[in-house]
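User: I should like to learn how to read pockets, salt bridges, nonpolar cores and backbone angles from a structure. Could you take me through them one at a time?

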Amino acid sequence: TPKKFPIQLIRTTPLDPRRNYIFGFHPHGVLAAGAFGNFCTESTEFGKKFPGLSPHLLTLPCWFRLPLFREYAMAGGLVSSEPSSLEHLLAQPRGGHAAVIALGGPPEALDAHPGALRLQLRARRGFVRIALKFG
């Protein structure tokens, strides 16, 4: 039998689809493959676990400057991680949006090693300020 990619999405509480949310994921890993599988595909049944919510995986703005890759990224549901993009998602009055952020960001991705997980939050507080601003 083929071996499955080892990701899973566990819902710990139901969420009101009339609100907008910030989801944080860790570890970043290589190319955030686990996050892509969970939030840009239905491989772990996001839609069934969080009905009425549309996930938007945030990624580095540089990926949207590359022709063709920009279209590929947008088709996969990726959004720029610029603060203005996050604020735009959270400001949607009807709700139903989940902005998904790699908590450790690029520094965590560069420090990825097999068998070791280091969450790097010390310099990553901007999304917390935005979350507080939007409730």
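Analyst: Let us begin with a pocket, where a useful reading starts from the elements that form its wall. In this model, which is predicted, helix 5 provides the largest share of the lining of the largest pocket, with 4 residues.

User: Which other elements supply at least two residues of that lining?

Analyst: Besides helix 5 (105–110), the elements that each supply at least two residues are helix 1 (33–39), strand 2 (54–59), helix 3 (69–75), helix 4 (83–90), strand 4 (97–102) and helix 6 (126–134).

User: How much space lies in the largest pocket, and which lining residues are closest to its centre?

Analyst: The space in the largest pocket is about 880 Å³. It is lined by 32 residues, and those closest to its centre are His28, Leu58, Thr59, Leu60 and Trp63. The next thing to read is chemical class. Here the lining comprises 24 nonpolar, 6 polar and 2 charged residues.

User: How should I read the second largest pocket by the same steps?

Analyst: Take volume, centre, elements and class in turn. About 470 Å³ of space lies in the second largest pocket. Its lining has 24 residues, of which Phe25, His26, Gly34, Ala35 and Asn38 are the closest to the centre. Strand 1 (21–25) and helix 1 are the elements that give two or more residues to this lining, and helix 1 gives the most, with 5 residues. By class, the count is 15 nonpolar, 8 polar and 1 charged.

User: What is the general idea behind a salt bridge?

Analyst: Side chains of opposite charge can pair when their charged atoms come close. A search of the whole structure finds 4 such salt bridges. One of them joins Arg70 and Glu71, whose closest N and O atoms are 3.0 Å apart. In another, the side chains of Lys48 and Glu45 meet at 3.5 Å, N to O.

User: Are the partners Lys48 and Glu45 buried or exposed, and why are they classed in that way?

Analyst: Two cut-offs are needed here: a residue under 20% relative accessible area is buried and one over 50% is exposed, with partly exposed in between. Lys48 is exposed because its relative accessible area is 63%, whereas Glu45 is partly exposed because its value is 37%. In the other pair, Arg70 is partly exposed at 30%, and Glu71 is partly exposed at 40%.

User: Which salt bridge links distant parts of the chain?

Analyst: For that, compare the positions of the partners in sequence. Lys133 and Glu87 form a salt bridge with an N to O distance of 3.6 Å. This pair links distant parts of the chain, since Lys133 lies in helix 6 and Glu87 in helix 4, 46 residues apart. Lys133 is exposed, with a relative accessible area of 58%, while Glu87 is partly exposed at 25%.

User: What is the general idea behind a nonpolar core?

Analyst: In soluble globular proteins, nonpolar side chains tend to be buried together. The largest nonpolar core here has 18 residues, and Phe23, Phe25, Phe39, Phe46 and Leu57 touch the most other members. Strand 1, helix 1 and strand 4 are the elements that give two or more residues to this core.

User: Which residues does Phe25 touch, leaving aside those up to four places away in sequence?

Analyst: Phe25 touches Ala32, Ala35, Leu57, Val100, Ile101, Ala102 and Leu103. Apart from the largest core lies another, of 10 residues, which includes Leu58, Val79, Ala99 and Leu103. Phe25 therefore deserves a second look on the display: this residue is also among the closest to the centre of the second largest pocket.

User: Where should I look for a positive phi in residues that are not glycine?

Analyst: Read the angle together with the place of the residue. Glu45, a partner in the salt bridge with Lys48, has a positive phi of about 60° and lies in the loop between helix 1 and helix 2 (46–49). Leu68 has a positive phi of about 75°, and its place is in the loop between strand 2 and helix 3. Leu68 is exposed, with a relative accessible area of 71%.

User: How far is Ala131 from Leu31 in sequence and in space?

Analyst: The two are 100 residues apart in sequence and 25 Å apart in space, C-alpha to C-alpha. Ala131 is in helix 6 and counts as partly exposed, at 30% relative accessibility.

Technical notes. Residues are numbered from 1 along each chain as its sequence is written. This is a predicted model: local features need pLDDT of at least 70, side-chain atom pairs count only at pLDDT 80 or more; totals for chains, interfaces and linings use all residues. Side-chain values use heavy atoms; hydrogens and water are left out. On a 1 Å grid over the protein atoms alone, a cavity is a set of points where a 1.4 Å probe fits but cannot get out, and a pocket is an open set with protein on both sides within 12 Å along at least five of seven lines; lining residues have an atom within 4 Å of a point. Grid points are joined across faces, edges and corners, and a volume is the space filled by probe spheres set on the points. Ala, Val, Leu, Ile, Met, Phe, Trp, Tyr, Cys and Pro count as nonpolar, Asp, Glu, Lys and Arg as charged, and the others, Gly among them, as polar. Buried means under 20% relative accessible area, exposed over 50%, partly exposed in between (1.4 Å probe, protein chains only). A nonpolar core is a set of buried Ala, Val, Leu, Ile, Met, Phe, Trp, Tyr and Cys residues joined through side-chain atoms within 4.5 Å. Contact means heavy atoms within 4.5 Å.
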